[in-house]
Amino acid sequence: MKTICLILLTLLLFKTSLLHAQQESRAVIEGRIFNAGNNEPIPFASIVIYGTTIGSISDLDGNFLFTGLEPGFIRLQASSIGFEPVITEEYQLTNAKKLFIEIPMQEANIELSAVVVKASPFRRQEESPVSLKIIEISEIEKNPGSNRDISRVIQSFPGVSSTVSFRNDLIVRGGGPSENRFYLDGIEIPNLNHFATQGASGGPAGIINVDFLREVEYYSGAFPSNRGNALSSVFDFSQIDGNKEKIKFKGSIGASDLSITLDGPISDNTTFIASARRSYLQLLFTLLKLPFLPTYSDFQFKVKSRIDEKNEISLIGIGAIDQSSLNLKADETPEQRYILEYLPVNEQWNYAVGAVYKHYRERGFNTLVVSRNYLNNVSYKYANNNPENIKTFNYASTEAENKLRFEHFTRTESGYKFVSGINLEYAQYTNETSRQLFTNDTLTKLYYNSELNTTNYGAFSQVSKAFLDRKLTLSLGIRIDGSAYSSEMANPLKHFSPRISASYLLNDIFSLNFNSGRYYQRPPYTALGYRNAAGELENKQNNITYIRADHFVGGVELRPSPNSIITLEGFYKLYDNYPFSLLDSISLASKGGDFGTFGDEPLKSVSKGRTYGFEVYAKSKDLLGFNTILSYTYVNSQSIDLDENLEPLDTYTPTSWDNRHILILTATRKFKRNWFVGGKWRFVGGAPYTVYDYDKSSIKAAWDARGRAYWDFSKFNEERLNSFHQLDLRIDKQYFFRKWSLNLYVDVQNVYNNKSDTPDNLVREATLNGSPVENDPYIDENGIERYRLTTIESDGSGTVLPTVGIIVEF
């Protein structure tokens with residue numbers, strides 16, 4: 001607490017020194033309102049700052065202007081004859097730059113006298129009346145404990161569990177971290193985190209710079225048909241456009257990195273926004289004497305050009321360079337020596353770049369997306385961390401995807417909404433692996449050099465329509481997917497994905513909602529490209545195929561006031577064709593939550609599973625002055641047991657993501673003079689875990705091959721960790737000067753220093769003592785050379801983590 005008090009005192013003293021320098025400053029909004037169907041301007045529309053009486057009227061070109069506004073987070077409310085009223089997403093308004101807002105409006109297709117359409121800040125989509133949450137910019141910027149890391153912000157929302165404190169694995173409704181997909185302004189990005197687990201989604205820090213974000217659409221089910229290759233969640237990240245008026249600067253110093261963002265005009269119809277970030281974690285980790293030293297850099301950019309009234313194009317890019325080395329000087333404790341014994345050196349770099357072209361028609365638009373993403377992943381380990389020794393592990397892999405997606409959108413005069421399109425991908429994968437394996441009581445050296453080129457393809461269509469004076473909304477979608485990887489995966493009709501959504505409004509505030517769908521996901525390239533010692537694509541010979549998940553979701557929604565919403569949803573997911581590890585005899589559904597790689601092993605598509613539970617979600621934008629979100633998720637996540645012939649039994653085993661209970665309460669509030677205060681309390685039920693196989697681990701050849709103990713998979717997930725809870729607090733103070741602004745914040749994670757339960761570590765006695773042990777290794781009665789092992793009791797994971805952040809904008 002002394003550290004926290006010192007930080008708060010520093011912030012207050014700094015505030016006092018700035019108090020006399022602060023000047024009265026006002027903000028400006030300039031915008032355009034247009035027909036969402038054909039991009040034509042809407043003249044004489046009424047636009048109001050939501051929640052106030054401050055208004056404006058659009059001119060003949062759809063342009064409008066607000067001046068003299070107080071900085072902060074705002075929404076706009078727009079209405080016009082012949083169009084459905086709309087309340088925009090949230091925007092951050094500052095005096096440092098003029099805010100440019102574009103408001104699309106849908107044409108009304110019914111008689112105005114038949115039904116009154118009311119705008120709401122809680123948007124409803126025809127395709128996804130359930131399992132969709134909108135993450136607003138204020139919830140991203142001010143989320144306590146997240147330090148402006150979007151990967152951690154996501155963990156504050158319903159259905160999302162978490163693993164250890166130093167990773168951002170996305171566990172949605174009991175699904176594994178490999179079951180999620182991410183889109184940035186329509187371009188798919190394969191990695192959301194630095195030091196990503198290849199084939200999955202986890203890592204310690206997010207790649208996306210939140211300075212770019214406008215909002216996030218988070219689907220935990222009810223995926224639209226134009227979003228494929230996902231089983232548990234889809235995230236659509238919407239970015240802001242660059243400033244149209246002049247070049248602007250935004251710089252920030254946060255918990256782990258330094259960020260610089262520039263945006264502004266390139267020409268009259270073209271803008272840009274670009275950023276670069278560099279971490280200083282290696283300096284902090286050195287001071288803390290941690291055994292590993294991570295360093296990351298990333299870049300992000302967006303260029304948008306309106307060619308004319310009917311055509312526009314955006315160029316988008318994001319990338320990262322990640323390097324993690326070993327701190328060999330940090331070997332004073334058994335825990336440090338244990339980590340150094342098994343942890344490899346890791347080097348990654350990746351990027352995703354693409355173009356989004358949109359052409360407006362009379363009652364719709366066409367979208368063409370062309371993109372490329374690339375990952376280079378290198379990892380290696382020297383015996384005893386000595387470069388003069390042999391490498392016990394050497395891994396070098398690349399993944400490249402060249403993608404094309406075409407979408408055709410139409411909304412008819414009678415109110416039908418049609419979305420259809422195709423997607424095509426050309427993928428290249430390489431992997432050169434050299435590692436030691438201890439299987440069947442035998443030490444073997446696996447070496448393979450794999451090169452894989454394949455084509456993936458798909459098509460989709462969805463139709464939506466409101467009936468019975470808009471009380472009943474139905475949406476029906478289909479999707480097919482295939483891959484030239486093998487004959488088993490080539491036929492897209494074998495992977496036919498229907499989905500249906502229904503929503504019925506009982507009255508103005510209460511609705512019933514439902515969705516059911518079948519979804520397919522391609523196994524990771526690490527699995528498709530795996531080769532055995534003979535150089536054969538072993539998993540291709542094993543007829544590996546698409547993973548299937550059937551979703552059933554039903555719920556009720558209550559909107560007691562314009563600024564509050566309550567939902568209750570039940571969900572049931574059935575998995576089939578999940579890859580099953582022939583090495584460990586467990587489903588791949590329980591893997592992917594650790595650093596390294598995921599899926600590069602012999603597999604068969606024979607595993608089945610299920611997750612089921614319910615979610616309660618309540619949000620109020622003004623509960624005693626607080627923006628409050630409360631969510632509770634109950635989830636069971638299980639894999640079906642298989643017999644020795646890999647045939648399913650009638651029993652289930654919990655997956656590694658079976659947390660059961662997830663409770664999150666987040667509350668933030670703005671006070672006078674631009675003070676913001678927020679808190680977040682999170683409770684996560686204990687996850688299952690597997691005990692160590694002492695006998696196998698003690699064998700010298702086995703230990704030397706891996707550098708750590710082996711799990712006893714015959715007792716898979718029979719034990720369970722204790723539950724964990726944590727309180728995070730954040731205080732912001734913003735200063736608005738005539739031409740620039742300053743935001744200071746203090747963010748404290750895990751205020752009361754609670755530690756999450758982790759399994760004890762099984763280590764060599766030499767590791768515990770830091771010196772050689774007599775008669776170690778030794779020869780047992782069967783002539784097997786073994787190490788003497790002992791247990792280090794775990795102190796848990798997590799600590800109080802206070803951070804001071806500075807954001808400057810001009």
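Biologist: Which residues is Ile57 in contact with, leaving aside its neighbours within four places in sequence?

Modeller: Ile57 is in contact with Phe44, Ala45, Ser46, Ile47, Asn63 and Phe64, once neighbours within four places in sequence are set aside. They count as contacts because heavy atoms lie within 4.5 Å. Please keep in mind that this is a predicted model, where local features need pLDDT of at least 70 and side-chain atom pairs count only at pLDDT 80 or more, while totals for chains, interfaces and linings use all residues. Residues are numbered from 1 along each chain as its sequence is written, and side-chain values use heavy atoms, with hydrogens and water left out.

Biologist: Where is Ile57 found, and how far apart in space are Ile57 and Ser46?

Modeller: Ile57 is found in strand S3; a strand here is a DSSP run of type E with at least two residues, numbered from the N terminus, and a helix is a run of H or I with at least four. Ser46 and Ile57 are eleven residues apart in sequence, yet their C-alpha atoms are 4.9 Å apart in space. Ser46 stands opposite Ile57.

Biologist: What makes S2 and S3 a pair?

Modeller: Strand S2 (residues 46-49) and S3 share three bridges in the antiparallel sense. Two strands pair if DSSP finds at least two bridges between them, so three bridges meet the rule.

Biologist: Which order do the four strands of the open sheet have, and why are S3 and S7 called edge strands?

Modeller: The order is S3-S2-S6-S7, with antiparallel pairing. Strand S3 (55-57) and strand S7 (86-87) each pair on one side only, and that makes them the edge strands. As general background, strands of a sheet pair through backbone hydrogen bonds, either parallel or antiparallel.

Biologist: What is the pairing in the open sheet of three strands?

Modeller: The order in that sheet is S4-S1-S9, and its pairing is mixed. Its edge strands are strand S4 (63-69) and strand S9 (99-105), each paired on one side only. Strand S1 (residues 27-35) pairs with S4 in the antiparallel sense over five bridges, and the bridge partner of Ala27 in S4 is Leu69.

Biologist: Now for burial. Why does Ser128 count as buried?

Modeller: Buried means under 20% relative accessible area, exposed means over 50%, and partly exposed is in between (1.4 Å probe, protein chains only). Ser128 has 3% relative accessibility, so it counts as buried. Ser128 lies in the loop between S9 and strand S10 (132-136). Not counting residues up to four places away in sequence, Ser128 touches Tyr219, Ala222 and Pro224.

Biologist: How do you know that Ser697 counts as buried?

Modeller: Ser697 has 0% relative accessibility, so it counts as buried. Ser697 is found in helix H9 (residues 694-698). Its contacts, leaving aside neighbours within four places in sequence, are Trp703, Ala709, Tyr710, Leu762 and Leu789.

Biologist: And why does Ile422 count as partly exposed?

Modeller: Its relative accessibility is 47%, so Ile422 falls in the partly exposed class. Ile422 is found in strand S27.

Biologist: Which residues form the nonpolar patch on the surface?

Modeller: Ile307, Tyr357, Leu368, Val370, Leu404, Phe406, Ile422 and Leu424 form it, with about 630 Å² of accessible area together. Patch residues have over 30% relative accessible area and no salt bridge; nonpolar side chains (Val, Leu, Ile, Met, Phe, Trp, Tyr) are joined within 5 Å, and like charges within 9 Å. The areas come from the Shrake-Rupley method with a 1.4 Å probe, and for residues only the protein chains shown count as cover.

Biologist: What makes the side chains of Arg227 and Asp236 a salt bridge?

Modeller: A salt bridge is a side-chain nitrogen of Lys or Arg within 4 Å of a carboxyl oxygen of Asp or Glu. Arg227 and Asp236 meet at 3.4 Å, N to O, so the pair fits the definition. Arg227 is buried because its relative accessibility is 9%, and Asp236 is buried with a relative accessible area of 11%.

Biologist: What about Lys304 and Asp241?

Modeller: Their side chains meet in a salt bridge at 3.5 Å, N to O. The pair links distant parts of the chain, 63 residues apart: Lys304 is in strand S22 (residues 292-308), and Asp241 is in the loop between strand S18 (233-239) and strand S19 (248-253). With a relative accessible area of 18%, Lys304 is buried, whereas Asp241, at 31%, is partly exposed.

Biologist: How many salt bridges does the count come to?

Modeller: By this rule the count comes to 61 salt bridges. Among them is Arg148 with Glu141 at 3.0 Å, N to O, and both of these residues are buried.
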